[in-house]
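Let's take a friendly walk through this model, one site at a time. Keep the structure open beside you as you read.

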Amino acid sequence: MPLLIRNGEIVTSTDRYVADIFIADETVTAIGPSLPAPGGTEVIDATGKLVFPGFIDPHVHIHLPFMGTFAKDDYRTASTAALVGGTTTLIEMCCPSRGEDAMEQYRIWKAKAAGLSACDYTFHMAVTRYDAATEAQLREIVADGTASFKIFLSYKNFFGVDDGEMYQTLKLARELGVIVTAHCENAELVSRLQQELIAAGKTGPEWHEPSRPEVVEAEGTTRFATFLETTGATGYVVHLSCEPALQAALAARARGVKIAVESVLPHFLLDKTYAAREGVEGLKYVMSPPLREKRNQAVLWAALEAGEIDTVGTDHCPFDLEQKLLGKDAFTLIPNGIPGLEDRVNLMYTYGVSRGGLSLNRFVDALSTRAAKLFGLYPRKGEIAVGSDADLVVYDPAYRGAISAKTQHMNCDYSGFEGVAIDGRPDVVTVRGRVQVRGGAFVGEYGHGEFLRRKPPVEGANAG
Ligand code: URP
Ligand code: ZN
Ligand code: ZN
């Protein structure tokens with residue numbers, strides 16, 4: 001059924017104006033004042049509301065075998081949570097472990113989403129081993145539309161690659177015109193520091209941060225940038241958490257290295273004291289890179305406002321309390337990660353735009369448009385324009401509420417943001433013209449979500 005979104009304030013990464021939006025056959029077909037509504041059109045009154053392009057979360061884990069267990073969501077719970085929270089496209093990390101066959105796992109990851117997801121999705125393909133057979137598979141995977149890689153410089157012997165494998169991955173990426181996303185920490189230093197802390201009886205979650213200090217992340221970021229510079233590949237630092245790592249990325253960018261930066265929701269709002277909380281409370285807040293000294297938050301917000309941080313993702317990774325308790329006697333055994341897919345838009349809107357200095361245009365850019373551009377989805381996604389997919393978020397800035405595990409859709413028995421106030425929420429959310437959220441509630445169809453095939457070269461990652 002055609003849809004007319006009437007009289008909303010349209011906000012894109014560059015513009016802000018009041019107009020109607022007409023949608024037919026999955027795309028936006030007209031934008032303007034007082035558009036006609038032919039018979040059979042559903043009209044949504046967006047007066048007093050903001051209309052954003054569907055938000056894109058560039059860093060999500062759904063199926064994740066990790067640290068002896070599995071993250072809890074499936075595509076039903078994750079895509080429901082994404083949509084209720086205003087995210088219409090998610091990019092999941094497909095993460096085979098080092099010993100597994102990349103192509104076999106890629107098929108498994110894809111099968112988990114197909115026919116079930118309510119939002120659109122695509123993948124970053126993790127390269128966790130580099131050999132001739134894997135290289136041939138990676139070429140096929142890129143040809144299948146998965147036009148970005150992921151490497152881990154941490155998680156030794158599991159997801160982690162060594163410098164030689166990083167070099168080979170970047171050379172291949174350069175040849176194919178794909179962007180490489182990277183978890184930047186020094187695996188050897190993390191491993192040594194972990195062993196020393198545990199041997200000294202420092203086993204609680206508050207020791208997770210000292211085992212991966214800021215310099216260890218800065219080293220990983222510097223090394224990744226040096227390898228990008230040497231190979232000419234384009235890179236994207238995931239979940240950057242602190243000032244020294246940011247300085248490393250910006251210094252590389254200033255000398256012409258093609259490097260983009262993502263920071264994730266928890267690092268803007270939480271700090272390392274959360275992991276020092278009593279009992280199971282502290283375990284909830286263990287993630288990598290770890291929550292940092294509070295002073296880093298102001299640095300991240302300023303860099304976000306300045307556009308030095310390109311995107312904001314979540315690194316959504318839901319492990320419930322029983323799983324977190326696997327590490328009650330040793331912080332090295334706590335499954336790393338925290339849920340956030342449902343909360344990113346509302347919390348960044350509240351503490352960035354409503355109560356902070358983040359402009360609405362930069363908010364849209366960082367949470368949608370930049371990711372679309374970096375990962376080969378633009379202008380189909382990340383934009384409100386004639387011809388773009390009708391992925392729209394009609395946002396109610398007058399809504400007042402609070403985050404709670406009791407009401408969330410993510411499959412996790414806690415929220416790291418329990419009780420935190422929000423100043424707004426998505427009222428109506430469409431995915432390619434279909435209303436999937438109405439009045440803030442999921443009313444959607446599972447299986448409506450499409451696998452988005454992306455074609456290299458993606459922006460900046462020119463082949464040759
Ligand atoms: O702690 C985290 N970030 N867990 C998920 C895996 C990763 O490093 O992205
Ligand atoms: Zn990571
Ligand atoms: Zn991650």
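A good place to begin is the largest cavity of this predicted model. Its lining is made up of 15 residues, and those nearest its centre are His-61, Phe-66, Tyr-155, Ser-288 and Asp-315. About 110 Å³ of space lies inside this cavity. Sorted by class, its lining has six nonpolar, seven polar and two charged residues.

Two of the residues just named, His-61 and Asp-315, lead us straight on to a metal site. Together with His-59, they are the protein donors of the zinc ion (ligand 3). The two histidines each contribute NE2 and the aspartate contributes OD, at 2.0 to 2.1 Å from the metal. What is the geometry of the site of the zinc ion (ligand 3)? It is irregular, with angles of 87 to 136 degrees among the four donor atoms. The upper end of that range explains the label, because a tetrahedral site needs all its angles between 85 and 135 degrees.

Along the sequence, the donor residues of the zinc ion (ligand 3) follow the spacing H-x1-H-x253-D. The pair of His-59 and Asp-315 links distant parts of the chain, 256 residues apart. His-59 sits in strand β6 (residues 55-60), while Asp-315 belongs to the loop between β15 (311-313) and α12 (321-324). Are these two residues buried or exposed? His-59 counts as buried because its relative accessibility is 0%, and Asp-315 also counts as buried, at 14%.

Now look across to the zinc ion (ligand 2), which is 3.8 Å from the zinc ion (ligand 3). Here the coordinating atoms from the protein are ND1 of His-183 and NE2 of His-239, at 2.1 Å. This site is irregular as well, with angles of 56 to 150 degrees among its four donor atoms. His-183 lies in strand β12 (residues 179-183) and His-239 in the loop between β13 (235-237) and α8 (243-254), so the pair ties together parts of the chain that are 56 residues apart in sequence. With a relative accessibility of 1%, His-183 counts as buried, and His-239 is buried too, with a relative accessible area of 2%.

To finish, let's return to the empty space. How many cavities of 30 Å³ or more does the model have? The count comes to four. The second largest has a volume of about 50 Å³. Among the residues that line it are Pro-96, Glu-100, Asp-101, Val-127, Arg-129 and Thr-134. By class, this lining has four nonpolar, three polar and three charged residues.

How values were computed
Residues are numbered from 1 along each chain as its sequence is written. Chains are lettered from A and ligands numbered from 1 in the order in which they are written. This is a predicted model: local features need pLDDT of at least 70, side-chain atom pairs count only at pLDDT 80 or more; totals for chains, interfaces and linings use all residues. Side-chain values use heavy atoms; hydrogens and water are left out. Donors are N, O and S atoms within 2.8 Å of the metal (3.2 Å for Na, K and Ca); water is not among the atoms, so sites may look incomplete. Four donors count as tetrahedral if all angles lie between 85 and 135 degrees; four count as square planar and six as octahedral if opposite donors are over 155 degrees apart and all others between 65 and 115; anything else is irregular. Helices (H or I, at least four residues) and strands (E, at least two) are DSSP runs, numbered from the N terminus. Buried means under 20% relative accessible area, exposed over 50%, partly exposed in between (1.4 Å probe, protein chains only). On a 1 Å grid over the protein atoms alone, a cavity is a set of points where a 1.4 Å probe fits but cannot get out, and a pocket is an open set with protein on both sides within 12 Å along at least five of seven lines; lining residues have an atom within 4 Å of a point. Grid points are joined across faces, edges and corners, and a volume is the space filled by probe spheres set on the points. Ala, Val, Leu, Ile, Met, Phe, Trp, Tyr, Cys and Pro count as nonpolar, Asp, Glu, Lys and Arg as charged, and the others, Gly among them, as polar.
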